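Me: Got a minute to walk through a model with me? I'll paste it in and then pester you with questions.

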Amino acid sequence: MHLAQQILFIICAIAAIYLFAKKVTEMRRNIMLGRPEDLSDNKGQRWKNMILLALGQKKMFKKPVPALLHLAVYAGFIIINVEILEIFLDGMFGVHRLFAPMLGGLYAFLIGFFEILAVLVLVGCLIFLVRRNILKVRRLNMKELNGWPREDANLILIMEVILMSLFLTMNTADQALQAHNAEHYTHTAAFWITNNFTGMFAGLSDGTLVGVERGCWWLHIMGVFFFLNYLPYSKHFHIILAFPNAYYSKLIPQGEVKNMPEIQNEVLYMMEPDKAPASTGVEPEHKRFGAKDVTDLSWKNLLDAYSCTECGRCTDVCPANMTGKKLSPRKIMMDTRDRLEEVGKNISANKAFKDDGKALLNDYITVEELRACTTCQACVEACPVTIDPLSIIMQLRRNLVMEDSNAPQEWNMMFGNIENNMAPWKFSPDDRDAWVNG
């Protein structure tokens, strides 16, 4: 590689890594806008969850066919990054196939293995494109995906097809150049896939073959740099966030709902006034009940939002959605992420959050959507990366009820009875044992 190309590569690499790190730092800042939540317990179980759910994709296999396709694409994409490491080092040091002399015969074996994975990624992505755009699988074509989310999903699949095609074409041209004993092209054993297609370049001069090989090399590594910086703006950032999200997933039983200590204490003091703390004469600082905006949610809720794959498995099993109601757990997560990004841009522009008159509740997620939830936990159970849409729904509903007094009339009657009679029924507490008479 000429010195000018080497310098150009280094500049592109530094720029790509800097821009990626800058965006990831912003995302981390956005996540940490959430309330504190201690999820540092039971580290052994958390590591196990990360290995089984994020690395092993255990919950994906409830749908075996897409799970196998996804595993092929995921495993191939991750493992092929070992080859990208060599391409990166080749560019940095101005050499060609740096690892070939070091690994000897093992090198061709590894490249052959990578080529098989590349073919699997290629086939898997093409099938996913067919499922989305021709077969139109229901959960992949719901209205919340209209516009950018659908374009994003297709674009990422097309990019993977292009990257794998460039990788395979580059190797085919390289094998042809080796057969011609071209200068600078290290001799290796035959690559398992591409060695069988060198005939497609028969009759081409060495100069043309070098142009094809170098062109694919540059397009491939520049595509990788572009892909790296596209990921944080895409739902496909879950390939990275799935790991911490699985690690920090909740370990309590799914049906166990977190109570609000402030409300528990109010009920306790109502039932047992002697336990109420003595008044200090200072008005306590108001603490919001539930959540109205993203900053009222916990950092784990916000990590969930960024980790969402938009696969729609949650919405696919939601009984409210099945019966035609507006609730879509996937949309809850997408709306939370969109609002969080908006808040983050606000902070970046103003150095601190400047009130924009918007909130997650009402401006993004409607009362109708929240009321439709039956809290059945089906969405939580279905998510491959242990995202918990129900936690966000519950916190938003608590805010509706406790701060806006926005609840169905039947609920308000029950609340009034509990407050006045210490029971859901409209009977005096003094008559509570009247049923035993006679």
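Reply: Sure. One definition before we start: I'll call a residue buried when its relative accessible area is under 20%, exposed when it is over 50%, and partly exposed in between. Also keep in mind that this is a predicted model.

Me: Fine. Which residues of helix 2 are buried?

Reply: In helix 2, the buried ones are Arg46, Asn49, Met50, Leu53 and Ala54. Seen down the axis, the buried residues of helix 2 fall within an arc of 100°, so they line one face of the helix.

Me: Why would that spacing put residues on one side?

Reply: An α-helix has 3.6 residues a turn, so residues three or four places apart point the same way.

Me: And what do the buried residues of helix 2 pack against?

Reply: They pack against helix 3 (64-93) and helix 8 (238-247).

Me: How does the end-to-end distance of helix 2 look next to the expected span?

Reply: It agrees: helix 2 has 13 residues (43-55), which at 1.5 Å a residue should span 18 Å, and its end C-alpha atoms are 17 Å apart.

Me: What follows helix 2?

Reply: Gln57 does, and its phi is positive, near 55°. A bit of the loop between helix 2 and helix 3 may interest you too: Lys62 sits there. Lys62 is partly exposed, at 47% relative accessible area. Its C-alpha atom is 8.6 Å from that of Ala382, although the two residues are 320 apart along the chain.

Me: Switching to aromatics. How many pairs are there?

Reply: The count is 14 aromatic pairs. Take Phe9 and Trp218: their ring centres are 6.3 Å apart and the planes sit at 70°, so that pair is edge-to-face.

Me: Where do Phe9 and Trp218 sit?

Reply: Phe9 is in helix 1 (residues 3-31) and Trp218 in helix 7 (residues 206-230), so the pair ties together parts 209 residues apart in sequence. Both Phe9 and Trp218 are buried.

Me: Got another one, maybe back at helix 2?

Reply: Yes, Trp47 and Tyr247 are also an edge-to-face aromatic pair, with 5.4 Å centre to centre and 70° between the planes. Trp47 belongs to helix 2 and Tyr247 to helix 8, so this pair ties together parts that are 200 residues apart in sequence.

Me: Is Trp47 buried or partly exposed? And how about Tyr247, buried or exposed?

Reply: Trp47 is partly exposed, because its relative accessible area is 46%. Tyr247 has 13%, so it counts as buried.

Me: Which residues form the aromatic cluster with Phe9?

Reply: Phe88, Trp217, Trp218 and Phe225 join Phe9 in one aromatic cluster.

Me: OK, on to the core. Which residues touch the most other members of the largest nonpolar core?

Reply: Ile221, Leu327 and Leu396 do, in a core of 90 residues. Helix 5 (residues 105-133) gives the most to this core, with eleven residues.

Me: What is Ile221 in contact with, leaving aside its neighbours within four places in sequence?

Reply: With those set aside, Ile221 is in contact with Phe9, Ile84 and Ile87. So Phe9 comes up again here, after the aromatic cluster. Apart from the big core there is another one of seven residues, including Ala176, Leu177, Tyr185 and Leu209.

Me: Now cysteines. How many disulfides?

Reply: The count is zero. For Cys318, the nearest cysteine sulfur is that of Cys376, 6.3 Å away, and Cys318 is in no disulfide. Cys379 has its closest cysteine sulfur in Cys373, 6.4 Å away, which is too far for a bond.

Me: Are Cys318 and Cys379 buried or exposed?

Reply: Cys318 counts as buried, at 7% relative accessibility. Cys379 counts as buried as well, at 10%.

Me: Last bit. Where's Asn154, and what does it touch?

Reply: Asn154 is in helix 6 (residues 148-179). Its relative accessibility is 15%, so Asn154 counts as buried. Not counting residues up to four places away in sequence, Asn154 touches Leu129, Arg132 and Asn133.

Me: And Met322, buried or exposed?

Reply: Exposed, with a relative accessible area of 54%. Met322 is found in helix 12 (residues 319-322). Leaving aside neighbours within four places in sequence, Met322 is in contact with Asp316 and Val317.

Technical notes
Residues are numbered from 1 along each chain as its sequence is written. This is a predicted model: local features need pLDDT of at least 70, side-chain atom pairs count only at pLDDT 80 or more; totals for chains, interfaces and linings use all residues. Side-chain values use heavy atoms; hydrogens and water are left out. Helices (H or I, at least four residues) and strands (E, at least two) are DSSP runs, numbered from the N terminus. The expected span of a helix is 1.5 Å times one less than its number of residues. Buried means under 20% relative accessible area, exposed over 50%, partly exposed in between (1.4 Å probe, protein chains only). The arc is that of the directions from the helix axis to the C-beta atoms. Contact means heavy atoms within 4.5 Å. Rings of Phe, Tyr and Trp (its six-membered ring) pair if their centres lie within 6.5 Å; planes under 30 degrees apart count as stacked, over 60 as edge-to-face and the rest as tilted. A disulfide is a pair of cysteine sulfur atoms within 2.5 Å. A nonpolar core is a set of buried Ala, Val, Leu, Ile, Met, Phe, Trp, Tyr and Cys residues joined through side-chain atoms within 4.5 Å.
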